[in-house]
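Got your viewer open? Let's take a walk through this model, one selection at a time.

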Amino acid sequence: MVVGAGGVAVGTEQRVTAAAHRPSRREAARGLLVSAAALALAPAVADSGPARPAGDFRGGAFDETYRGRRIRGSWVPDPAGPEAGGAWRIAVDGRPLHLMRRADGTWLSMLDHYTSYPTPLAATRAAVDQIGPRQRLRAPAPGPDGGEHTGGHTHMGGRHGVPA
Amino acid sequence: MAYLRKNVRTLTAGERRRFVDALLTVKRRGEYDEFVRLHIDYYTADGEDGLRAAHMAPSFLPWHRRFLLELERALRRVDSSVTVPYWDWTRDRTTASVPWTRDLLGGDGRRPDRQVMTGPFAYAAGHWTLREGVTDAAFLTRDLGGSDDHLELPTGGELRRALDDPVYDAWPWNSTVRHGFRNKLEGWGSGTGSASWHNHNRVHRWVGGAMLGGASVNDPVFWLHHAFVDLQWHRWQSAHRDGRYLPEGPPGAGDEQHGRVVARHDRLPPWDETPDQLEDVSRIYRYA
């Protein structure tokens with residue numbers, strides 16, 4: 001079987017919310033939905049949005065140099081509207097960094113997966129701490145149709161049972 | 001007949017060599033990078049929607065058990081004498097102890113780029129080029145002990161506190177639950193900083209480098225670490241004879257965790273087994 005992005009049905013009905021339209025983990029990790037234009041426009045969009053409901057995690061857009069690297073981040077609402085959620089778009093030296101949110105409201109990055117931080121900015125700085133000199137985040141790898149690059153199908157989900 | 005998983009410190013020189021050689025062969029065939037990708041793909045955090053199979057969830061233990069079995073199967077196709085050894089980080093606690101030796105996993109990363117320079121997984125040895133990663137570094141990285149914050153590995157006492165909890169897991173079945181064996185072992189605490197990292201998570205942080213990120217499988221210590229974590233599930237079952245995987249049934253439609261966790265008899269993606277089927281694997285392997 002093809003092992004693709006998250007959101008795999010497991011026999012129970014998948015929770016359907018507006019947020020389910022967010023990019024899949026693999027798409028997000030690859031940064032496929034991030035464009036320079038979106039990053040450039042996003043702060044204005046976020047700042048001009050409606051008042052934040054309780055528990056919202058918008059706001060706090062940043063653009064700074066940290067340890068010699070330019071880090072930018074902003075909340076990008078879903079095109080379907082403010083009720084549909086959105087996602088943080090983060091770039092380190094122009095390359096996308098995927099953040100994930102914990103249930104307690106804190107944040108993790110792809111570079112620091114086993115610790116969470118109070119804000120997207122703190123998680124991004126912690127990620128930069130993990131990037132060595134002369135290294136960069138890996139560049140996105142778009143597929144031929146601009147969609148998800150799925151060259152990495154795995155073959156571990158076959159119909160076999162518990163291995164004996 | 002069940003095979004034996006051994007403490008890595010007890011492996012003979014020949015057993016060490018065969019384990020390393022099997023890993024390098026699986027890597028050369030391109031299979032290893034599939035394991036790295038799979039682990040990346042199945043990391044769904046609990047502040048997001050969607051099913052959490054591998055982390056921040058009750059199925060943390062059966063998912064990684066099944067993942068290890070898959071790697072072990074690949075290794076044994078290369079050399080049927082090989083099994084995945086475990087690293088007891090409550091006892092082998094320094095950067096000079098196993099498994100950080102030249103004949104096993106090699107040592108710490110160098111300053112300042114954290115590149116592993118010794119052992120069979122050093123980039124210069126020519127057998128271990130990273131192809132799936134978060135950064136563009138082609139070499140394996142480590143930062144044993146967290147050179148910046150001098151972290152200690154979890155103690156036997158901390159592990160004991162997880163093992164002593166008689167309940168497998170509890171609602172809301174995620175990283176915020178404060179009781180239950182699973183999260184005490186997986187290690188999500190509250191707050192930030194050193195005090196918030198426990199057991200499994202703390203070891204990922206202690207090794208650092210590749211082990212800290214989404215592509216942690218790039219460091220073969222991932223398997224030795226998770227074999228020891230898997231052994232704890234077995235120990236917990238032995239200590240709490242009535243203890244079973246929870247939740248027994250899927251959370252209902254009104255539950256915020258509905259559709260987001262794998263119940264005892266649900267299929268555990270990407271495989272066809274259920275946690276129930278993975279609770280007892282004594283016919284496949286046991287621990288020495």
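Start in the middle: select Leu97(A), Leu99(A), Ala53(B), Leu71(B) and Leu224(B), the residues with the most contacts inside the largest nonpolar core, which has 100 residues. A nonpolar core here is a set of buried Ala, Val, Leu, Ile, Met, Phe, Trp, Tyr and Cys residues joined through C-beta atoms within 7 Å. Buried means that 20 or more other C-beta atoms lie within 10 Å of a residue's own; 12 or fewer makes it exposed, anything in between partly exposed, and C-beta atoms are placed from the backbone. In soluble globular proteins, nonpolar side chains tend to be buried together.

A quick word on what you're viewing: this is a predicted model, where local features need pLDDT of at least 70 and side-chain atom pairs count only at pLDDT 80 or more, while totals for chains, interfaces and linings use all residues. Residues are numbered from 1 along each chain as its sequence is written, with chains lettered from A and ligands numbered from 1 in the order in which they are written.

**Stop 1: around Leu97(A)**

Stay on Leu97(A). Which residues is it in contact with, leaving aside its neighbours within four places in sequence? Light up Ile90(A), Ala91(A), Val92(A), Ser109(A), Met110(A), Thr124(A), Ala127(A) and Leu137(A). Contact means that the two C-beta atoms, placed from the backbone, lie within 7 Å.

**Stop 2: the sheet of four**

Now show chain A as a cartoon and find the open sheet of 4 strands, in the order 1-2-3-4 with antiparallel pairing. Its edge strands are strand 1 and strand 4 (95-97), each pairing on one side only. From one strand to the next, the twist averages 25°. Strands (E, at least two residues) and helices (H or I, at least four) are DSSP runs numbered from the N terminus, and two strands pair if DSSP finds at least two bridges between them. Angles run from 0 to 180 degrees between N-to-C directions, using axes fitted to C-alpha atoms, for helices over the stretch in contact.

Walk across the sheet:

- Select 62-66 and 69-77 of chain A: strand 1 and strand 2 pair over 5 bridges, and Glu64(A) stands opposite Ile71(A).
- Click on Arg67(A), in the turn of the hairpin between those strands; it has a positive phi of about 50°.
- Add 86-92 of chain A: 7 bridges join strand 2 to strand 3, and Ser74(A) has Arg89(A) as a bridge partner.
- Finish at strand 4, which pairs with strand 3 over 3 bridges; look for Val92(A) opposite Arg95(A).

**Stop 3: the sheet of three**

Next comes an open sheet of 3 strands in chain A, order 5-6-7, again antiparallel. Strand 5 (99-101) and strand 7 (112-117) are its edges. Here the twist averages 30° from one strand to the next. Strand 5 meets strand 6 (residues 107-109) over 3 bridges, with Arg101(A) opposite Trp107(A). Then select 120-129 of chain A: this is helix 3, lying across strands 5, 6 and 7 at about 25° to strand 6.

**Stop 4: over to chain B**

Switch to chain B, with its 8 helices and 2 strands. How many of its 288 residues count as buried? The share is 54%. Its radius of gyration, taken over C-alpha atoms, is 18 Å, which agrees with the value near 19 Å for a compact globule of 288 residues (the rule is 2.2 Å times the number of residues to the power 0.38). Chain B has a mean pLDDT of 96, pLDDT being the predictor's confidence in each residue, from 0 to 100.
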